[in-house]
Every structure is written in C-alpha cells, then in structure tokens.
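Student: I've got a structure open and I'd like to learn how to read it. Can you walk me through it piece by piece?

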Amino acid sequence: MRRITSRAELAAFSKDAGIFAIDPARAYVAESEEEAAQAVRESADDGLSVTPRGGGTSIPSQSVGSGAILVQARASVRLAGDGVVCEPGVIKADLNRELSKSGRWMPVDPSSYASCTVGGMVANNSSGARTLKYGSTVDYLKGVRVVLADGSVMAAGPVTAEEAMSGDRRTARAASLIVENEKEIMEEAPRVTKNSSGYRLEKVARAGALDIQKLFAGSEGTLGVLTEATLKTRGRPRWRVLFVAESTLQELDATAAAFRSIAPAALELVDKSVFRSAGGWGSVSRFSRSESPFLVFCELDGEEGGGAERVEEAAGAVGGLEPLVMTDEGEIAAAWEVRNATLTLAQDMKKGGRRPAPGVEDLAVPQGRLGDLVKLLVGQFERRGLEYILYGHAGDANLHARPLMDLSEPSGVRANDDLMEECFEAVWKMGGSMTGEHGDGMLRAKYVPRQYPRTYHLMEELKRIFDPKGVMNPGVKIAMP
Ligand SMILES: Cc1cc2nc3c(=O)[nH]c(=O)nc-3n(C[C@H](O)[C@H](O)[C@H](O)COP(=O)(O)OP(=O)(O)OC[C@H]3O[C@@H](n4cnc5c(N)ncnc54)[C@H](O)[C@@H]3O)c2cc1C
C-alpha cells in the first residue's frame, strides 16, 4: 500500500469539484480490501478521520477532508449472470466498454462518466440523463462489500426480515430501526423521481425483505468504505432516436409535458448561453443563431424491432414543437457529448471574480412542478440581480441552476447561504429534495435535518451503529454536533 505524506503530493487530494479546499494529513492508495481495512484501522488509531475518494468529481465537497484520504486503485470487472461485480476504482466509461462486449448495459451515466468511479457513483447514488426511464444507481445495487470504521469487513445484500434480525449485530440494529419506523420513512421521503439527500432508507424495506446493501447507496463515505459493488445490468436498447427542440423558460413546462407524453428515456434541458460563451457548439451548431435561449433533448429508445412505428407516432405527438429529429447513431452520440460537456464548459465561465456557484445547483421537485421550480429559481436570481446558467434533467424536474457569484468574498458566501435557505424551504414545501443526484456533502449537511424533520434522528442513529466514533467522512451528510 502506498502512504502519501509529502505536502506536494497531498495537494492533489485537497480539492474535488466543490468549493472547499482542505489539506489532508495523509493519503493511502490501497491495492486490496485488506489494505483498505488496514488504512482505516491505522488512521483511526492515529486519531484521523477517513475520507474515501474515487474520481474526486463530487460537487458539494464530499471527497475532501482533513484526516486521511483513501483511494482504491483496484478496478476489475467480473460478469456474474445478469449482474457485474465491480471493484470500487472502475471508471464508469470503462465499465460501459466492458459490458458492451456482451450486449449488456448499466444505464446510469452521470455526465462525468469518463472520470467518475463505481465507488463514487454508489456512494452518491448518482443518476444520469436516462434515470427518467431506467432509475438511479440505487436501483441497480444488488450487493456490496464494505470496510467499516473499526476495520472489519461486512458483506450486504438482500435478506429476509428474519435473516436481518438474526444476522450480525449492526445489521440487526439497522434493520429493526428501519422496519419499526417504515411508515414515517415512507411518508417523509420526497415525492421525486431521484434523490441523493440523507440515507436512502425508503429503498431498504420491501414486503418482508430488506435490501441492506441500499443503505450504502448515497451514504457518501460516511458509513464505511465500499470495496466491491455488484450491479444489475440489462440488455442494450436496439434503437434510439433523439428529438431536439428549442424552448423559452416560460414554455419549458409545456414543452416538457408534451415530450413526457411520449414516454422518453431521457428529457434534458440545455442552456444555450453556455455554448455561446464557451464558443463551442459542436453538432448542435444549427441552433447557434436563433434567439431561443434553451434546447430540450428528448431521447426515445426501445428493445423491440426497429422502432419505426413508435417513432412515427411520437413524432406526430410532438410535431407542434417542430423538433429536429436525429436517427443517425453518430449524430446522436455527438449531440449527447455536447449536453454532457455543459458543466465542464460552465465551470470555466468567469465574469470578474464571479463563477457558477454550487448550492442550489441540484434541486428536484415532483415532476408536475417543473414550471414552479423554474419560476422559483428565476425569481430568486432576478430579485438578487444574479446572472445564471440553467440546465439539467427536465423529465425528472431536477435542475442544475448556477448563479454567477464570487464565493471568495464573505458577502458572496452570505448571499449564497441566503439563496440556499430560501430555495430549499420552497422546494421542501413542494415535496422536493435539495439534491436529486449530487448529494449533501459538507455544503448541504447542515440542512439535512430540515429535509427530514421526522426521520433525521434515524439517520444519526444509523451513523452511530456503523461508525460510533465518527471516523468516516465527518461533516459530510450528517452535520457535526
Ligand atoms: C462535470 C461534472 C458532471 C457531473 N454530472 C453528474 C451527473 O450527470 N449525474 C450525477 O449524479 N452526478 C454528476 N456529477 C457529480 C459526480 O460526478 C458524481 O456524483 C460521481 O458519481 C462521483 O464519482 P467519483 O468517483 O468522482 O466520486 P468522488 O467525488 O471521489 O466521491 C463522491 C463521494 O463518494 C464517496 N466515495 C467514493 N468512493 C467511495 C468508496 N469506495 N467507498 C465509500 N465511499 C466512497 C466519497 O467519500 C464522496 O462522499 C458531475 C460532476 C461533474 C464535475
């Protein structure tokens, strides 16, 4: 195992894609599960916290910490029936390549798929453009192996309620906590199609059985270190077609509703201003001259036949939007590259000291409230005189809005706090989540108790069950006492 202690080398771990820069005391690169366990034990003995880290692409500051950073170099992939067993360091793009050799697919592709890892995706419950039809990472998680805070190793998968209660002491305690409070958990879960705030308790219990592994989906490295994840896979769609239409923000709700009526796999919103300022339009350059500020991408796919009939019917249903229709695979892939590059291009946007700020960048509301979410965000930005970019997952009513703010100034930090406060309150009233896919991190940890006023105490209890001394990623998700 490599132990890194030199300041120069540690600098590579002091930032992720978030706003906080924190120098770690040391870093480990573990080559096996046993080495990962050794790194956790050694850090705990030395009084250091442990922050697991994959590709370091997380946005609300989750993979940085002042103790030890633990990276796992292992990245093997093994097919097992309709599943795939992954070591945590597997990059999602590599997993896609490996699965495509046997016609299989794990459909969750975050835009960061070229650099994010399976460990990070599970720990963040990541989603992607096709979550609308295919779900989030938690929906594909069949089993995990985890190094817990005391250095012991736990394997978790689906079990009957009896097996859970008679299993190891931690599993039994976690299971009874969830079963006894199932009604409150289900009632308080946000009414959204994707959610990465708090622990995914609502996904664990199902009719007499428990998916204990799902406790670790979206746990952001706070319950243990994932050393292996078994993911469900499915057959690849045989055909797909991409519709691209233009929209104003005022029309967005109606445009999304029209596209939703044809049951797409993906329904995405792209802010043209990002490409205008970055100067790169790629394959959607034909839209560069029109005034309309937004593009809506709608992908339809299917596993049966060639899809001709279905596409014709869908094209008729959305004809009023006058969409561009792409059927050529190369052209579709190029258009998606443009969509996926949005945040990367946006991160380089700068106006004086102002940059696209995270905070309200991942709000999710019930699908029918997309128009209300747009009104909320635009109203908030305009009232504060903030320029902004807006894109995201229109189908899931999960928008990535980023105002341009100078967070190096205390006044900018205060203004961002006020913005979060007001937007989160409004989203909670709508039955939504303050984060659909990016997670809570350090940035939003203090708001998690208000996202879950009735069940946050269960999350704190789960943290105590698996990590009683608070070794794992402190300050992330579960606020520091
Ligand atoms: C340009 C860009 C685009 C993005 N697009 C999307 C998107 O479309 N959809 C989406 O959902 N997210 C998106 N994200 C957010 C981020 O990329 C994803 O959450 C991603 O899955 C994180 O993976 P990672 O390997 O980089 O994890 P990291 O950033 O390294 O870590 C993320 C979290 O997981 C924990 N973790 C990592 N590995 C382990 C492990 N082995 N065991 C336990 N915990 C672990 C960390 O402690 C941390 O809390 C985007 C980010 C960027 C910068």
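Tutor: Sure! Keep in mind that this is a predicted model. Let's start with one pair of residues: His393 stands opposite Asn398 in β22.

Student: Which strands does that pair belong to, and how many bridges join β21 to β22?

Tutor: The general idea comes first: strands of a sheet pair through backbone hydrogen bonds, either parallel or antiparallel. Here, β21 and β22 (residues 398–405) run antiparallel and are joined by six bridges. The two strands make a hairpin with four residues between them, and Ala397 in that hairpin takes a positive phi near 50°.

Student: Is β21 mostly covered or uncovered?

Tutor: Mostly covered. β21 spans residues 388–393, and five of its six residues are buried.

Student: Now a whole sheet. What is the order of the strands in the open sheet of five?

Tutor: Read across it and you get β5-β6-β13-β8-β9, paired antiparallel. The edges are β5 (77–80) and β9 (153–156); each has a single partner strand, so one side of each is left without a neighbour in the sheet. Ignoring direction, neighbouring strands here are turned by 15° against each other on average.

Student: What does the β5 edge look like?

Tutor: β5 is joined to β6 (residues 83–86) by four bridges, and the two run antiparallel. For one pair to find on screen, look at Leu79, whose bridge partner in β6 is Val84.

Student: And at the other edge, which residues of β9 are on the covered face and which on the uncovered one?

Tutor: In a regular strand the side chains alternate between the two faces of the sheet. In β9, Met154 and Ala156 make up the covered face, while Val153 and Ala155 make up the uncovered one. The partner of β9 is β8 (residues 141–147), which runs antiparallel to it with four bridges. Met154 turns up again here, as the bridge partner of Val146. The hairpin of β8 and β9 has five residues between the strands, and Gly151 takes a positive phi near 90° there.

Student: How do I decide whether a residue such as Leu226 is buried or exposed?

Tutor: Compare its relative accessible area with a cut-off: under 20% means buried. Leu226 sits in strand β13, and at 10% relative accessibility it counts as buried. Although Leu226 and Val122 are 104 residues apart along the chain, their C-alpha atoms are separated by 8.6 Å. Thr227, also in β13, is buried too, with a relative accessible area of 1%. The side chain of Thr227 makes a polar contact of 2.7 Å with that of Glu33.

Student: Where is Gly359, and is it buried or exposed?

Tutor: Look in the loop between β19 (355–356) and β20 (363–364). Gly359 has 0% relative accessibility, so it counts as buried. Its C-alpha atom is separated by 9.7 Å from that of Cys423, 64 residues away along the chain.

Student: There's another open sheet, of four strands. What is its order?

Tutor: That one goes β1-β2-β4-β3, with mixed pairing. β1 (2–4) and β3 are the edges, each with a single partner strand, so one side of each has no neighbour in the sheet. From one strand to the next, the twist averages 20°. For a parallel pair, look at β2 (residues 26–30) and β4 (residues 68–72), which share five bridges. In that pair, Val29 has Val71 as its bridge partner.

Student: Last one: how many residues surround the ligand?

Tutor: There are 35, and the closest are Pro52, Gly54, Thr57, Ser112 and Thr117. By class, the shell has eleven nonpolar, 21 polar and three charged residues. β3 (50–53), α4 (118–124), β13 (225–232) and α13 (342–347) each supply at least two of the shell residues. α4 gives the largest share, five residues.

Student: Which polar atoms of the protein should I look for around the ligand's oxygen atoms?

Tutor: Try a polar backbone atom of Gly55, 2.7 Å from a ligand oxygen. Then find Ser58, with a polar side-chain atom 2.8 Å from a ligand oxygen, and Asn473, where the corresponding distance is 3.3 Å. Taken alone the ligand exposes 980 Å², and the protein buries 96% of that.

Definitions and conventions: Residues are numbered from 1 along each chain as its sequence is written. This is a predicted model: local features need pLDDT of at least 70, side-chain atom pairs count only at pLDDT 80 or more; totals for chains, interfaces and linings use all residues. Side-chain values use heavy atoms; hydrogens and water are left out. Two strands pair if DSSP finds at least two bridges between them. Axes are lines fitted to C-alpha atoms, for helices over the stretch in contact, and angles run from 0 to 180 degrees between N-to-C directions. Buried means under 20% relative accessible area, exposed over 50%, partly exposed in between (1.4 Å probe, protein chains only). A residue is near a molecule or strand if one of its heavy atoms lies within 4 Å of it. A polar contact is a pair of N or O atoms within 3.5 Å; within protein, one must be able to donate a hydrogen and the other to accept it, and residues adjacent in sequence count only if both atoms are side-chain atoms. Accessible areas come from the Shrake-Rupley method with a 1.4 Å probe; for residues, only the protein chains shown count as cover. Ala, Val, Leu, Ile, Met, Phe, Trp, Tyr, Cys and Pro count as nonpolar, Asp, Glu, Lys and Arg as charged, and the others, Gly among them, as polar.
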